[in-house]
Amino acid sequence: MHYQPQKDLLQNRIILVTGASDGIGREAALTYARHGAHVILLGRNEEKLHDVIRTIHDEGGHAARGYILDLLTCTPESCQALAQRIAADYPRLDGVLHNAGLLGEVCPMDQQTPAIWQQVMQVNVNGTFFLTQALLPLLLQSDSGSLVFTSSSVGRQGRANWGAYAASKFATEGMMQVLAEEYQSRHLRVNCINPGGTRTKMRASAFPGEDPNKLKTPADIMPLYLWLMGDDSRRKTGMTFDAQPGRKPGISQ
Ligand code: NDP
């Protein structure tokens, strides 16, 4: 995407990022902070979150806060409790990037381990839904809220061996469409990003033989992540966007 965001695009915006400890989520948190946002980081690893908070501080960004939430074990109640803690610290949320995700097993459906299937659905779908439900009241306090889910090309077109991950990303697209329609008259837009093959640990575990240098980095795909959180996308809702348009889906390059 050729998008030249203003340096202060996200000034005074309060943006929460899940899976902010690594990969694309880490880069999104740093990028939002560089564009003026107050960033809230969610993750399961305190040390990694602190490292991101320190980096934002060292770069001169607004003070960021981290909250621990393991999507694998979270419940509706723990998500509500977390939302209450956030509400005690912040008046509203202007953006939520649901980025945390679990790959699970890349193998044929008849070999997918049921327990791992359930973990993928818990992290990518159920936990993400519990958290969304808990955060909606804070998002509705914004006069221009943006709720962004993270999809995948295999969440639009099923492909052999992508099992629970593909099913969970189809569910993510569905959740986005339902919410977009429910909130279309309420100052809250809801969209999906498909990052496309990106140089992260998840990508490396899905394609161990691939040369990572042939892949875009998380930093390369940030223009779309910025556009969806800023006012330039204000009228877009119920849509799914590719951070790397034209890229072949679900295969090693
Ligand atoms: P990474 O594996 O690099 O990062 C995943 C992030 O999710 C980490 O911050 C990780 O935390 C967090 N996470 C994983 N499990 C949990 C959990 N149980 N509770 C809380 N946080 C958790 O992945 P990517 O950056 O590559 O992926 C980001 C998103 O983009 C995912 O939704 C993925 O499906 C999607 N995507 C990625 C593509 C790619 O090529 N990279 C392509 C298409 C979609 P921790 O640091 O503790 O491990």
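In this predicted model, helix α6 gives the most to the shell around the ligand, with three residues. Helix α6 spans residues 201-206. Two further helices, α1 (23-34) and α5 (163-182), also take part, and each of the three supplies at least two residues of the shell. In total, 28 residues surround the ligand. The closest are S21, R44, K48, Y165 and T200.

Backbone atoms also approach the ligand. A backbone N or O atom of T198 lies 2.8 Å from a ligand oxygen atom. For I24, a polar backbone atom is 2.9 Å from an oxygen atom of the ligand. At G19, the corresponding distance from a backbone N or O atom to a ligand oxygen is 3.0 Å. The protein buries 92% of the 900 Å² that the ligand exposes when taken alone.

The strands form an open sheet. Seven strands contribute, in the order β3-β2-β1-β4-β5-β6-β7, and the pairing is parallel. The edges are held by β3 (65-68) and β7 (239-242). Each of these two strands has a single partner, so one side of each is left without a neighbour in the sheet. On average, neighbouring strands are turned by 20° against each other, direction ignored.

Helix α3, residues 76-89, packs on this sheet. The helix touches β1 (14-18), β2 (38-43) and β3. The direction of α3 makes about 165° with that of β3.

Elsewhere in the sheet, β5 and β6 run parallel. Strand β5 covers residues 145-150, and β6 covers residues 188-194. Six bridges join the two strands. Within this pair, L147 stands opposite V190 of β6.

Two residues other than glycine show positive phi values. One is N12, with a phi of about 70°. N12 is found in the segment before β1. The other is H187, where phi is near 60°. H187 lies in the loop between α5 and β6. Helix α5 is also one of the elements that supply the ligand shell, whereas β6 is the strand joined to β5 by six bridges.

The database annotation covers much of the region described above. In an unreviewed entry, UniProt lists residues 13-198 as "domain: Ketoreductase". Over residues 13-198, the chain is 46% helix and 17% strand. The C-alpha atoms at the two ends of this stretch are 27 Å apart. T198, the last residue of the listed range, has a backbone N or O atom 2.8 Å from an oxygen atom of the ligand.

Definitions and conventions: Residues are numbered from 1 along each chain as its sequence is written. This is a predicted model: local features need pLDDT of at least 70, side-chain atom pairs count only at pLDDT 80 or more; totals for chains, interfaces and linings use all residues. Side-chain values use heavy atoms; hydrogens and water are left out. Two strands pair if DSSP finds at least two bridges between them. Helices (H or I, at least four residues) and strands (E, at least two) are DSSP runs, numbered from the N terminus. Axes are lines fitted to C-alpha atoms, for helices over the stretch in contact, and angles run from 0 to 180 degrees between N-to-C directions. Contact means heavy atoms within 4.5 Å. UniProt positions are given in the numbering used here, feature names are shortened, and annotations may be inferred rather than shown by experiment. A residue is near a molecule or strand if one of its heavy atoms lies within 4 Å of it. A polar contact is a pair of N or O atoms within 3.5 Å; within protein, one must be able to donate a hydrogen and the other to accept it, and residues adjacent in sequence count only if both atoms are side-chain atoms. Accessible areas come from the Shrake-Rupley method with a 1.4 Å probe; for residues, only the protein chains shown count as cover.
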